[in-house]
There are 2 protein chains.
Amino acid sequence: MSSTEASGEAPLTYAGAGVDVAAAEDTVRHYARLAKSTARPEVLGGVGPFAAMFQLDVSRYRQPVIVSSADGVGTKLQLAAALGRYGEVGRDLVNHCVNDILTTGAEPLFFLDYLGTNGLAQEHRVEVVAGMAAACLENGVALVGGETADMPDVYRPGDYDIAGFIVGVVERDAAIDGSRIAEGDVLIALPSTGLQTNGYSLVREIWGVGKGLGEANDRAVLDQHYEELQGTLGDALLAVHGSFLRPLQPVLSQLHGIAHITGGGIPGNLGRVFPDHLAARVDLESWAVPPLFRIIQTAGRIAEPEMFRTFNMGVGLVVVAAAEDAPALLDALPGAWTLGAVIPRPSGAPSVLGVPR
Amino acid sequence: MSSTEASGEAPLTYAGAGVDVAAAEDTVRHYARLAKSTARPEVLGGVGPFAAMFQLDVSRYRQPVIVSSADGVGTKLQLAAALGRYGEVGRDLVNHCVNDILTTGAEPLFFLDYLGTNGLAQEHRVEVVAGMAAACLENGVALVGGETADMPDVYRPGDYDIAGFIVGVVERDAAIDGSRIAEGDVLIALPSTGLQTNGYSLVREIWGVGKGLGEANDRAVLDQHYEELQGTLGDALLAVHGSFLRPLQPVLSQLHGIAHITGGGIPGNLGRVFPDHLAARVDLESWAVPPLFRIIQTAGRIAEPEMFRTFNMGVGLVVVAAAEDAPALLDALPGAWTLGAVIPRPSGAPSVLGVPR
């Protein structure tokens, strides 16, 4: 091969174009240490060179079903960046993924992440992944790999996005798919910790956070103390999306359906697990919407239906169970309440009734 | 609950903040159709409400190992956007993932995607996912789910990023992990179709593509015809990252190691599968670096070592096999050539020798 030596002006390098492979390799060593801290016995060889390997103990299952999900955390990332806090969004991402596959009754096994950025500081990248690792540990999930991509020009300088991928397993005849939901079943709500990971673009629109109005504006908004929140708006907005794995795992066999309240709110998610002939009737009097949502609503003059379509309104997850199992479930699940009931679906009606539309 | 009705000025809505849930739902219907076209018999219920379910046929395996990988396609996205072509990058993403888990000998089973964007047109989102679905079909992989996130302010207007997540399976004692690599083994190279998915930020730096110099600049650069390429620079740069699954699947049992040449090039990837006491000796005279790389090198006045660290230089993937199996492999693998050999690693030497450093 011929050799083309640069001469005259400084030659172009990949680092000069915004992709510093050497710095990235150092960060990858941090990732590997974090991943190792979450390893389960089934993980073979840690973070492999090109792929992760996880040995499934098939003796534990008759018909194992592999359950998977991909998620992001939305523009909660920008609030976190405005507060200089990067760990929470990593935990959000893992817990969001854990909850999504938990809707089928799956035990989470392993997690991989993607981080795309234009110049996010290496220490912040490590903070994000450390948050993921912490949440993986809490959920008993192995962080087995991931990809960090330097994407000059695609992201705004300093900005980044993260995506999470989770894999779990459930015995086929134990999988929760909504088919056991029956008229007369009870809806039991579990409280959210806050917005979870949805509605942040609207919140940022209201207060102009992460909209180029400057760090001082953003910090002033987020550091504002609210009596009702017993703290700052920023802390309330950054509350970590909780994992429902630990409370639900012991009672999964009693559940006919599980809905994770994500983008689209209660009307967009609760009915997704319902058979066509049934509907969820939500009792709006059954809970007090937490103050954070009312603060957002007032500040943004947001109509009630838009609130319900955009935010979880305090409902993190809803389980469907037989009426006779409800008392024991309400006892077993911290903060749970009876949200409503399963009724025959009137012709042409949506799958969720009783919420503002 | 109290109802807060908006009055006076138009109330804020999520759509107004850049997140149009209704338009997104229409796009999701297209995704579901595309996903369905790739379904394998193991997929339960298509794209599920919160998670995808894939039933593993455990009777086919003694000790199944679940192999996974997460990837992106880098800023090839921006070249594709400059040319108004969105399908290729979807195919790139799937093939990149397929190759990554193929390094362990795994059969790919299913794929999920993440698409984050600030205002990418709905039809282009569908084009991206249609590209993924086409590549999934070609590789026999089920597209089981994904997430599209509207991220106003995080991405530059109109920009987007994609991440892919793949899951495959391999019998534990058939898994390729480099442990069988021995002195005297032969390195066999398979040709790349072009840059695959690495080095695009450097290429864009050279010609100022996707750097805010305007559509006319970008198109003029990419529409330039090169005699050596027998076509335009844009077409050569957008060549789809090939999948090596079909040619390699029949010969996997003969392979001691597989290296996918991604970010970091031959020096950064070939040695990753090697035991500590062995090294790959690459014979630079064994192939002619394709014209595309020399055009890039000349235009950017890039030093030879930087070229090798940044680009694949025409080598898409390298397999390691016993010398006696080499002739049959060279016959079976289209375009393959003997790239070099496995030698004892000199003390303190890197795992790849013979490439410019």
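Contact, as used below, means heavy atoms within 4.5 Å. The exercises concern a predicted model.

**Exercise 1. Determine how far helix H10 of chain A is covered, and name what covers its buried residues.**

Solution. Step 1: a residue counts as buried when its relative accessible area is under 20%. Step 2: by that cut-off, seven of the ten residues of H10(A) are buried, and the helix is mostly covered. Step 3: the buried residues are A:Leu292, A:Phe293, A:Arg294, A:Ile295, A:Ile296, A:Gln297 and A:Gly300. Step 4: the elements of chain A that cover them include H5, strand E8 (225-226), helix H7 (233-237) and helix H11 (304-310). Step 5: beyond the helix, H10(A) is followed by A:Arg301, whose phi is positive, near 45°.

**Exercise 2. Describe the packing of helix H5 against helix H10 in chain A, and classify the residues of the contact.**

Solution. Step 1: two packed helices are described by the angle between their axes and the distance between the axes. Step 2: for H5 (residues 200-207) and H10 (residues 291-300) of chain A, the angle is about 50° and the axes lie 9 Å apart. Step 3: angles under 35 degrees count as roughly parallel and those from 65 to 115 as roughly perpendicular; H5(A) is therefore oblique to H10(A). Step 4: the crossing of H5(A) past H10(A) is left-handed. Step 5: H5(A) contributes A:Val203, A:Ile206 and A:Trp207 to the contact, while H10(A) contributes A:Ile295, A:Ile296, A:Ala299 and A:Gly300. Step 6: these residues comprise six nonpolar, one polar and no charged. Gly counts as polar.

**Exercise 3. Carry out the description of H5 and H10 for chain B.**

Solution. Step 1: helix H5 (residues 200-207) and helix H10 (residues 291-300) of chain B pack at about 50°, with a separation of 9 Å between their axes. Step 2: H5(B) and H10(B) are therefore oblique to each other. Step 3: H5(B) passes H10(B) in a left-handed crossing. Step 4: on H5(B), the residues involved are B:Val203, B:Ile206 and B:Trp207; they meet B:Ile295, B:Ile296, B:Ala299 and B:Gly300 of H10(B). Step 5: the contact of H5(B) with H10(B) holds six nonpolar residues, one polar and no charged.

**Exercise 4. For the salt bridges A:Glu88 with A:Arg85 and A:Arg156 with A:Asp159, state whether each partner is buried or partly exposed.**

Solution. Step 1: side chains of opposite charge can pair when their charged atoms come close. Step 2: the N to O distance between A:Glu88 and A:Arg85 is 2.6 Å. A:Glu88 is buried at 17% relative accessibility, whereas A:Arg85 is partly exposed at 27%. Step 3: in the bridge of A:Arg156 with A:Asp159, the closest N and O atoms are 3.2 Å apart. A:Arg156 is partly exposed at 29%, and A:Asp159 is buried at 11%.

**Exercise 5. Locate the partners of the salt bridge between A:Glu107 and A:Arg60 in the chain.**

Solution. Step 1: a search of the whole structure finds 34 salt bridges over all chains; one of them joins A:Glu107 and A:Arg60, at 3.3 Å from N to O. Step 2: A:Glu107 belongs to strand E4 (residues 107-117), and A:Arg60 to the loop between strand E2 (52-55) and strand E3 (64-72). Step 3: the partners are 47 residues apart, and the pair links distant parts of the chain. Step 4: A:Arg60 is partly exposed, at a relative accessible area of 48%.

Technical notes: Residues are numbered from 1 along each chain as its sequence is written. Chains are lettered from A and ligands numbered from 1 in the order in which they are written. This is a predicted model: local features need pLDDT of at least 70, side-chain atom pairs count only at pLDDT 80 or more; totals for chains, interfaces and linings use all residues. Side-chain values use heavy atoms; hydrogens and water are left out. A salt bridge is a side-chain nitrogen of Lys or Arg within 4 Å of a carboxyl oxygen of Asp or Glu. Helices (H or I, at least four residues) and strands (E, at least two) are DSSP runs, numbered from the N terminus. Buried means under 20% relative accessible area, exposed over 50%, partly exposed in between (1.4 Å probe, protein chains only). Axes are lines fitted to C-alpha atoms, for helices over the stretch in contact, and angles run from 0 to 180 degrees between N-to-C directions. Angles under 35 degrees count as roughly parallel, over 145 as roughly antiparallel, 65 to 115 as roughly perpendicular and the rest as oblique. A crossing is left-handed if the near helix is turned anticlockwise from the far one by less than a right angle, and right-handed if clockwise.
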